[in-house]
Amino acid sequence: MPETIVELLARDLDGNGGIHCPSPKADMQLWNGHPRVFLEIARQHQARCPYCGTIYRLKEGEVFKGGH
């Protein structure tokens, strides 16, 4: 199965610098996916979902300025 990579803009992240998977950003149907998991993106600029392997990556040049 090919690796799915989803490029994100800083505005796609929540206030904590993350996103949930499954995500509509990855064209996933929330009703038939795996359990919802929070992925922290801001620090490492990417994260891989432990359930489906989708990689969520902050687009090059994007800077997250949210949080506390």
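Student: How many disulfides does a search of the whole structure find?
Tutor: The count is 0 across the whole structure. Keep in mind that this is a predicted model.

Student: What about C21, which cysteine sulfur is nearest?
Tutor: The nearest one belongs to C49, at 3.7 Å, and C21 is in no disulfide.

Student: Why no bond between C49 and C21?
Tutor: Their sulfurs are 3.7 Å apart, which is too far for a bond, because a disulfide needs the two sulfur atoms within 2.5 Å.

Student: Are those cysteines buried or exposed?
Tutor: C21 is buried, with a relative accessible area of 0%. C49 is buried too, at 2%.

Student: Which residues have the most contacts inside the largest nonpolar core?
Tutor: L8, C21, L39, I41 and Y56, in a core of 13 residues.

Student: And which elements give two or more residues to this core?
Tutor: Those are β1 (5-8), β2 (18-21), β3 (37-40) and β5 (55-58). As a general point, nonpolar side chains in soluble globular proteins tend to be buried together.

Student: Take I41. What is it in contact with, leaving aside neighbours within four places in sequence?
Tutor: I41 is in contact with L8, L13, G17, G18, I19, Q46, A47, Y56 and L58.

Student: Changing topic, how many helices and strands does the chain have?
Tutor: The protein chain has 0 helices and 5 strands.

Student: How much of the chain counts as buried?
Tutor: Of its 68 residues, 35%. The accessible surface is about 4,900 Å², and carbon and sulfur atoms hold 48% of that.

Student: What share of the contacts with a separation of 6 or more comes from residues 24 or more positions apart?
Tutor: Such pairs account for 44% in the protein chain.

Conventions
Residues numbered from 1 in each chain as written. Predicted model: local features only at pLDDT ≥ 70, side-chain atom pairs only at ≥ 80, totals over all residues. Heavy atoms only, no water. Core = buried A, V, L, I, M, F, W, Y, C linked by side-chain atoms within 4.5 Å. Buried < 20%, exposed > 50% of the residue type's maximum accessible area, 1.4 Å probe, protein only. Helix = DSSP H or I, 4+ residues; strand = E, 2+ residues; numbered from the N terminus. Contact = heavy atoms within 4.5 Å. Areas by Shrake-Rupley, 256 points an atom, 1.4 Å probe, with all protein chains shown as cover.
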